[in-house]
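I opened this notebook to record the fold and the charged side-chain pairs of one chain. The entries follow the order in which I looked things up.

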Amino acid sequence: MQVHLGRLFNDIPIHYKLLLISAIPLASLILFGVMTYANVRTFSQDEERLNNLYFLQKSAALYMRLVVDLETGFRGYVISEDDHDLAPYQEAREGILGIGQELKDRLPEGQRQQFTEVQAFVAEFIGEKEKLIQAIKLGRSRDVIQYIQEGRGRDRMDQIREWMTQLDQTEKRITQQELARLSHDRTSARFAMLAGGLVTLGLIVCALFLIAHSLAVPLVNLSKIVGTTSGELVPVIPVLERKDEIGDLTRVMQKMSLQIREHFNELRQSDAALRKLNAHLSSSEAKY
C-alpha cells in the first residue's frame, strides 16, 4: 500500500508537488475560518443567553422590590391616612403590571405557569390592599388595623418572597450552567486552534519531506550509478519508472547516451577502416 502510494506521489508533476506546500496552509486557513465562524456564533449565543438571564434576574429583583413597595406604601398610608403618602403604593401598583409581563416573557416555557400563579396571587394581594384603602377612606380603620395585626399581609409577602426565591435559585443554577458551557466552549475553541496549528505544521513538514525525498533521492541514486560506472566513456543512463519531470529527464538522458554510444561506435568503425586502408596502402607502396 505504501509502495503504491509512493509511486502515485512520484508520478505527480513537480509543480503540482510544490503547489501542495501552499495548498495545505490555504486549506487550513479555510478550515480555521469555518471553525472561527462557528465559535463566534457559539459565543454569541452563549452571550445572548447570559444577557437574557441577567435581564431576567434584574426584572425579577425589580418585581420583588415593587411588591415590597406595595406593602410599605400601604402601611405608610395606614399610619398617616394622608393621600400624599399613597403615591409610592400607586407607583408600585402601576409599575408591577408592566414588569410582571416583561418578566413572564423572558421566562422559559416551563417556568411561566408557576409565575402565572405568582401574578394571580399578587393581583389578589393588590385587590385586598385596594379594599383596605377604600375602608380607610370610608373611616373603617379598625378593619385595616385588624388585618395588619393578624399578619395576613405579612404572610402573603412571605409566600410571594418564597416563590420569587425559588425562581431566583433556579435562574442562578441556569446561570452557572451557562457559564460552565461558555467556559467549555472557550476551552474547546482554544484546543481546536492549537490542535489545528500543530496538524497544519505537521502536514507541511510531511509534505516537504515527501517532496524532498521524491526529488533528491532519485537524483542522488542516478549520480551514484553514473559515478560508479567504469570502463565506459558514455555510461548507460537507467530509466526511472516515474511519470514526472525526473522520469522524463532519465528517458531523455538514456536516449541521448544511446545516440552518443552509436555515434562513438561508428567513429570506432571508421577509425578501424581507415587504419586498415592505411596499412593496405603502406604494403602496396613497399612492393613498388
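**Entries on Glu71 and its partners**

I looked up Glu71 first and noted that Glu71 counts as buried at 7% relative accessibility (buried means under 20% relative accessible area, exposed over 50%, partly exposed in between, with a 1.4 Å probe and protein chains only). I record that this is a predicted model, in which local features need pLDDT of at least 70 and side-chain atom pairs count only at pLDDT 80 or more, while totals for chains, interfaces and linings use all residues. Residues are numbered from 1 along each chain as its sequence is written, and side-chain values use heavy atoms, with hydrogens and water left out.

I then checked salt bridges (a side-chain nitrogen of Lys or Arg within 4 Å of a carboxyl oxygen of Asp or Glu). Glu71 forms one with Lys129, at 3.2 Å from N to O. This pair links distant parts of the chain, with Glu71 in helix α2 and Lys129 in helix α4 (residues 109–137), 58 residues apart. Lys129 is buried, at 0% relative accessible area.

Glu71 also forms a salt bridge with Arg75, the closest N and O atoms being 2.8 Å apart. Arg75 is partly exposed, at 28%.

**Entry on Asp46**

I found a salt bridge between Asp46 and Arg49, at 2.2 Å from N to O. Asp46 is buried at 1% relative accessibility, whereas Arg49 is partly exposed at 26%. Asp46, Arg49, Glu178 and Arg181 are linked in a network of salt bridges.

**Entry on the whole chain**

I noted 8 salt bridges in the whole structure. Of the 288 residues in the chain, 25% are buried.

Key:
Helices (H or I, at least four residues) and strands (E, at least two) are DSSP runs, numbered from the N terminus.
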